[in-house]
Structure formats: structure tokens, C-alpha cells
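Trainee: I should like to learn how to read a structure of this kind, feature by feature. Where may we begin?

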Amino acid sequence: MRLLIKGATIVDETGAVARRNVLIQGDKVMAIVDHDLEPNDDDHVIEAQGAVLMPGLIDVHVHFREPGFEDKETIATGSRAAARGGFTTVLAMPNLNPVPVKATLLRQQLRRNEESGLIHVKQYGAISANLTAETVSPIEELAAAGAIGFTNDGKGVQSAATMLAAMKAAKAVNRPLVAHLEDQSLMNGGVMNMGERADQLGLPGADPLAETSQLARDLVLAQATGVHYHVAHLSTKVGVELVRVAKTMGVHVTAEVSPHHLLLDETDIQSATQTNLKMNPPLRTPADREAVIAGLLDGTIDMVATDHAPHSVADKRGDFRTAAFGITGLETCFPLLYTHFIESGLATLAQLQQWLVKAPASAFDLDAPTVLKVGMKADLAMFDISHRHTINANEFASKAVNSPFVGQTVTGMTVLTMVDGEIVYDATTDNTGGHDDNE
Ligand SMILES: [Zn+2]
């Protein structure tokens, strides 16, 4: 069977936006034309009516929680959430139980991802055992087993010697080293950003120097080793400035920012019970938020990654002192960015495709399509950009509902997601949400 998508809005190879008819056969895009295509009798025809068709989105930072924390999310539910968000490739973090720190565990994890994943789920290996050990894991073996890169995400690498050894090993196997920046000695048990807001709420604040001082250290180490160093969830103004300088110095550095650090700051926290505003790194100051936006727009920050961090309702109960860090992101990313960056006129559709497809694919050397063209693998996502709706937790395909964006009215909704030519999400038959029994 062939699939004919009529009247889709696409960003072509030159970055221009055009209206096209797109024919998909098997796992490939066979034709992209501006004239009418006569469908065969058994063709599946979809009237796009101007919906945006893109190569499937790529998220280099997700937590799928399986094995170890299946009450929060599983590979099946996480990848359903990804498909519902228009993502066809994700890179999964290793803060699992067991942590994939040996080749056998990494191979098992890749098998799980393959068996249960509705989309392509790549896997990071851990830099060190328990994400905290000072001895670096067998990076060469993990790379040979298929690790897409290395990170202790969730924990900062405390020792410079450990980071240096990890970078040398990652450089030797030509894989990226992804850093969660957190100097434990500067955290003060913080549950939000240190400063006036934390004081007003009477909550312990984490010093932003915990992020920036470790970033400065790492950039120097990255220059010395030549490794591809990737900064996870960059959140500070000083951090953006450091990455900007490092790039001019020729350091091989890339950086991601999360939608929540682009769209929210600590002044949004009105009460200690708003636990869906608790994440790590925390929401920073309005000046930090402006700086990460500017950094994304000028290319200092390369891409957007959601840091999809599902938690059970019980884990997010209580207040900032006790609730878990993190929020979900896969199902809200496209509409939030579309609404606040494209519809508002801050950026173009081509830039959005750069942040969510091209930059992650090229930085992580992924075999995913990055531009809509004939012959590309049919990993595709289509978004209705005329659709205004209110984000509703009951509709989430994720097991979790911990999103601060629930209740916001946004533009843009995934209508179709395809992986290798197979439809993995179709809004017209979507019945994935099942949260009516949640409180
Ligand atoms: Zn994370």
C-alpha cells in the first residue's frame, strides 16, 4: 500500500516553505511534487490541508524509567508519548536500575528498547557505576555494544580526574560525552534556584555556580581532550556565555535547552506546593531565561531537548521539599515551541526543524532523516498548526501527568507520526490517554 499526503506544508532543502503532495511507499518517501498525483485504488490518501510535514522529531534527552521505575513510565508508554509528540528518535538516559554500565547490561537494554519501543530508542551508557563512582565504566566495550554516548545524567561528575578520564575514553571511541552539571558542594540541599524567590518561599536554594563552575571546568577539559562535549539542559546566563566563548576557542561543544527553561522562570513559582515547577536544574531568573532564548536564537545553544522526566502522582505529591525533581515534555514540546517561537514571530519553521531534527541528528551522528526529500526514510511527523487546544493531562499517552503546562492553550497538534513507513500515531484514532482515574 502507498500513502499519499496531499497539501502538506514542508520546509524544503533550501529552507523555503512550500505546499507539496508527498507519496510514501514502503519505508521511503517516493515523490514530493507541487502538482496533483493520481492515487491508485488502494492508496491511503490523507488530506493534510496545510498541516506541517517534517522529518520525525529527535529528542536527545528522555527518561523512560524501565527497568527499575516502571510505576513512573515504561519504554512502551514513553515511546507512545514520543510518537504522540511527533518524535521518531529519542536518546534514553541510563539512570535505570540496573544502570547500563557494562556491555551485557547495555545490550539487554537495547533489546528492551527495540522490543517495546514504538519509535527508535537509542541508549546512553553511564560514565560510571551508580552514576556516582569515580572509576570510569568500560567505555570502549559499551560503545562496541551500541551506546550512543555517555552520561551520568541526574548526577554531576564531581571529580575532574573522573571527567578527564571519561572524556579521553569517549574521544577514543568517537562518541559524545553528555554532562549533567551539578557540583554537589554548591547545592546546599537546594530544591529551587538560590535567591530572593527561594528566600520568600522559605525554601533551600541551589547556587547556580553549581552548574557554571562545573561547566567552566569541563570546557577546559574538553579542549584538552578534543572530545565532543554536550551540555545537557543549559539553564544559566553565565553558562550560555561560557559555551559561546568555548565555541570561538574551537572547543567541540554542543548544548541543549529544555522547553521549560525557555518558557518559565522562578517567578512562576508562587507557592511551594506547585511541585510541577520543581526540576533539576531548577527554573532560574528571568535574566537567565532571556539568555537561553537569545542563545538558542543565535545558535550558541544548538538544540531543544525535553528532559522528559515522568513521575507518579505520589512522587510529585507534597511540596518542593519532598517532591521528586522533573517534568514530562515529549507531548507538549512541539505545540509549546510552535506557539511561543513560531506563531509569535520569534523564529521560523526552518529554525524549529533545525532545533528538533537537524542539530540533534548531526551532533549525535544519527542515521535519521533531517530534511524532507525524495528517497528519505519515512520517519515523519505531521502537525496541524491551525489547531488551538488546551493541554489536557487526561489525553497524555505517558503514564505520568507531571507537567506545569497542563491547562495552557497552545497552537499545533500532532496528527500523524510514522516510523520506517509505519503509522505509529494517528490523531484520528487516538485513544491512548487513560488518565481519567488520576487525581
Ligand atoms: Zn535528565
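Mentor: We begin with a definition: a residue counts as buried when its relative accessible area is under 20%, and as exposed when that value is over 50%. Please keep in mind throughout that this is a predicted model.

Trainee: Is D153 buried or exposed?

Mentor: D153 has a relative accessibility of 1%, so it counts as buried. H63, at 5%, is buried by the same reasoning.

Trainee: Which residues coordinate the zinc ion?

Mentor: The zinc ion is held by H61 and H63, each through NE2, and by D153 and D307, each through OD. The distances run from 2.0 to 2.4 Å. Along the chain, the donor residues follow the spacing H-x1-H-x89-D-x153-D. H63 belongs to the loop between β6 and α1, whereas D153 belongs to the loop between β9 (150–151) and α4 (160–172), so this pair ties together parts that are 90 residues apart in sequence.

Trainee: How should one judge the geometry of such a site?

Mentor: One compares the angles with ideal values; for four tetrahedral donors the ideal is 109.5 degrees. Around the zinc ion, the four donor atoms subtend angles of 83 to 169 degrees, and the arrangement is therefore irregular.

Trainee: What holds the strands of a sheet together?

Mentor: Strands of a sheet pair through backbone hydrogen bonds, in either a parallel or an antiparallel manner. Here, one open sheet consists of three strands in the order β6-β7-β8, with parallel pairing. Its edge strands are β6 and β8 (120–123), each of which pairs on one side only. On average, neighbouring strands of this sheet are turned by 20 degrees against each other, direction ignored.

Trainee: How many bridges join β7 to β8?

Mentor: Strand β7 (residues 87–92) is joined to β8 by four bridges. To find one of these places in the model, look for V90, whose bridge partner in β8 is V121. The helix α1 packs on this sheet and touches β6, β7 and β8. The direction of α1 makes about 140 degrees with that of β7.

Trainee: Which strands illustrate the antiparallel sense?

Mentor: Strand β5 (residues 52–55) pairs with strand β16 (residues 380–390) in the antiparallel sense, over four bridges. M54 has A381 of β16 as its bridge partner. Strand β16 also runs antiparallel to strand β17 (residues 409–419), to which eight bridges join it. Within that pairing, M382 stands opposite L416 of β17.

Trainee: How are two helices compared?

Mentor: One considers how their axes approach and cross. The axes of helix α6 (residues 209–225) and helix α7 (residues 237–248) come within 9 Å and cross at roughly 10 degrees. Angles under 35 degrees count as roughly parallel, and α6 and α7 are therefore roughly parallel to each other. From α6, the contact is made by T212, L215, A216 and L219; from α7, by V238, G239, L242, V243 and A246.

Trainee: How may one recognise residues that are distant in sequence but meet in space?

Mentor: One sets the separation in sequence beside the distance between C-alpha atoms. I32, in strand β3 (residues 28–33), is 342 residues from V374 in sequence, yet their C-alpha atoms are 6.4 Å apart. The contacts of I32, leaving aside neighbours within four places in sequence, include I10, V22, L372 and V374. P67 offers another case: P67 and N97 are 30 residues apart in sequence, with 5.7 Å between their C-alpha atoms. P67 is itself buried, because its relative accessibility is 11%.

Methods. Residues are numbered from 1 along each chain as its sequence is written. This is a predicted model: local features need pLDDT of at least 70, side-chain atom pairs count only at pLDDT 80 or more; totals for chains, interfaces and linings use all residues. Side-chain values use heavy atoms; hydrogens and water are left out. Buried means under 20% relative accessible area, exposed over 50%, partly exposed in between (1.4 Å probe, protein chains only). Two strands pair if DSSP finds at least two bridges between them. Axes are lines fitted to C-alpha atoms, for helices over the stretch in contact, and angles run from 0 to 180 degrees between N-to-C directions. Contact means heavy atoms within 4.5 Å. Donors are N, O and S atoms within 2.8 Å of the metal (3.2 Å for Na, K and Ca); water is not among the atoms, so sites may look incomplete. Four donors count as tetrahedral if all angles lie between 85 and 135 degrees; four count as square planar and six as octahedral if opposite donors are over 155 degrees apart and all others between 65 and 115; anything else is irregular. Angles under 35 degrees count as roughly parallel, over 145 as roughly antiparallel, 65 to 115 as roughly perpendicular and the rest as oblique.
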